[in-house]
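Work through the exercises below with the structure open. Each task is followed by a worked solution.

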Amino acid sequence: MIGLVQLNVWIDIVFTVLYVVIVVALSGHFLGNILTGRAKRRFVGWEWPQHEGGPIPVAPKIMHFQHVAAMIALGVSGMYIRFPFFNGGRTAMRWVHYVAMTIVVVNLVMRLWYAFGSTRRDYREFAITKRDITTAPKVILYYIFVKPSKPHLGKYNVMQKMTYILFVPLLIVQAFTGLALIVAKMPYVNASPRDLLVGWWLGAMLGSTDMAGWWARTAHYLINWLFIVLTTIHVYLSVTEDFPAFMDFFGLSFLNPAHDDDHGHGEDHDEHGAPEPEVAPVIASTEPL
Amino acid sequence: MTLRSACYATMLTAALVLSAASYAVAAPTTSITATPSLVTTTTGSTKLKVTYDLSWTLPSAGKSGCTVCHDDRDLQRIQAGKIVSLYVNTDVLKSSAHKDVPCTGCHTDFAFKVPHANVSTTGEEWRQTAKLSCKNCHAAAFADYSASSHSPTGLPGQTKGALGAPGSSAPGIAKPLCGDCHGGHSIAASNNVEAMAQLHSTGLEMCGKCHARDTDNYADYYHGAAYRRGAPDAPACWDCHGAHKELPSTDRQSMVYKDKLYDTCHKCHTDPGDGYIGYAEFVHGKSDVLKANPAYTVLTSVKTTVMGWVEKFRSVFRKSSS
């Protein structure tokens, strides 16, 4: 069995290389957008997907914006704790991490309530249906420029649904493993979060509480990389596939050159995955009603 | 003896006693009959005018005697062909842990002569004596030091104790005396929080003078890398290796001996079991572990190859443009 030290070194190397590969791949994908004319249609012709329903309310935008800020703060501060890149920042970065993690956990709880418990509950938007699975290959073919358009089944395509659903358990595990790294004893309980969360069961399995903490840290670091990778792809696709929505989410919709909804929405977006039914042309009747 | 002569004798004796007493309380500058002239000119030549025994007694519990001269910023002498300042900053002394210790408490070989005739041309023996005089007050620490691999007497079996043994982490390097690590006049009190924090941050600089290889490879995630960036809770060298009783890791009494690592790591970690202690090899061995990783080896060779191509391209481009 690989030692923890070697495992951590492997995680460092593999994910650093993977991230570089992904950045290069996304750059190549954008080049593909340019070469296939998608970029010109979108960013010059301003042909973007139409969205059903009204404009996005302010509350989700605010929630999303501060969640983005908190996630970036978590990533930067977390990476500093592991790879300090300037002097004297460890204590401050730990506190940044604690504050940001609290914000993210609150956001997670609020989002789950919004999805399942609020009057505007939208959990159905994330449900992966049979049709999603059958049309998934077409979505992939669209993203690799084999098909000129992708099926439009709902608010999110199947890959978005999978990613957003995955974020929830990842955040929960990240919160759990993160709290398990705190060794300060809590008052009244006289035990640390590490003792309470992992010490009694994982520590018993591995031989010591600190060993349980080491594995928690390794899992925390690994999931951190998953977030970095997924968020990078999410940001890239948000910008290239629906830039107006991206701007809207950051309160920049006033910069959108086409405010009205009558603007054409691009040929790369099928309506409901099926061709339009033929309708007989309306001819003005000359007979009196 | 007549009554008059008896009175004269009594008065003379009283005068002598009173003048001797006045020297004990008055500033010695008032009673020095000849001013020592050790001040060097800007050209570096020393003008030594007179050598004499001190005509006054230094107070036993004060520094005023020594600082008469040594508080002068211009006090210098030539040692081994170099101009060396003999200035002692009394402000630093007053804020140090030894502010109540007389100069002769550490400079035990002071010969009460001006200039200090027992100081050699290089002044090295003078400094060596001062650096080792700590043992007079800090017996326990000195005992630990004497039993450590830093002791000039060496460990059992070592023939050349004054230098680092071959195969040690500082081979052939002169072993440190107390003052080499702790400093001299500016040594801070252990209850001075700010000073101790500052001392904590000087580990690499202090130990790195001799143990350059080990301070260079102290670069793992949460100990070395954090310490280098000023993390106050990251361990300095002595937190793991001991402050005075440093021993090789193969020595059973060493804090970093394999069977002692639990206690050493336990100073900071609540429950370091066997697997956890396995990380210890990484603390100074990160670069070795990286080099042993096949993916890292491949990436390094790819990087070297690519950088070679880039350099070749640049040299061709430079030739064609010139």
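**Exercise 1.** Determine the order of the elements of chain A from the N terminus on.

Solution. Start at the N terminus of this predicted model. The elements of chain A read α-α-α-α-α-α-α-α-α-α. Now count by type: chain A has 10 helices and zero strands.

**Exercise 2.** Count the helices and strands in chain B.

Solution. Take the helices, then the strands. Chain B has 17 helices. Its strands number four.

**Exercise 3.** Find what percentage of each chain is buried.

Solution. Apply the cut-off: a residue is buried if 20 or more other C-beta atoms lie within 10 Å of its own. Chain A has 289 residues, and 18% of them pass. Chain B has 322 residues, and there the buried part is 17%.

**Exercise 4.** For each chain, take the contacts with a separation of 6 or more and find the share from residues 24 or more positions apart.

Solution. A contact needs C-beta atoms within 7 Å. Drop pairs with a separation below 6, then select those 24 or more positions apart. In chain A, the share is 59%. In chain B, it is 52%.

**Exercise 5.** Describe the contact of chain A with chain B.

Solution. First, the residues: chain A gives 23 and chain B gives 23. Next, the elements on the chain A side: helix 1 (4–35) and helix 9 (209–241) each supply two or more residues. Helix 1 of chain A has the largest share, six residues. Last, sort the chain A side by class: 12 residues are nonpolar, eight are polar and three are charged.

Definitions and conventions. Residues are numbered from 1 along each chain as its sequence is written. Chains are lettered from A and ligands numbered from 1 in the order in which they are written. This is a predicted model: local features need pLDDT of at least 70, side-chain atom pairs count only at pLDDT 80 or more; totals for chains, interfaces and linings use all residues. Two residues are in contact if their C-beta atoms, placed from the backbone, lie within 7 Å. Ala, Val, Leu, Ile, Met, Phe, Trp, Tyr, Cys and Pro count as nonpolar, Asp, Glu, Lys and Arg as charged, and the others, Gly among them, as polar. A residue is buried if 20 or more other C-beta atoms lie within 10 Å of its own, exposed if 12 or fewer, and partly exposed in between; C-beta atoms are placed from the backbone.
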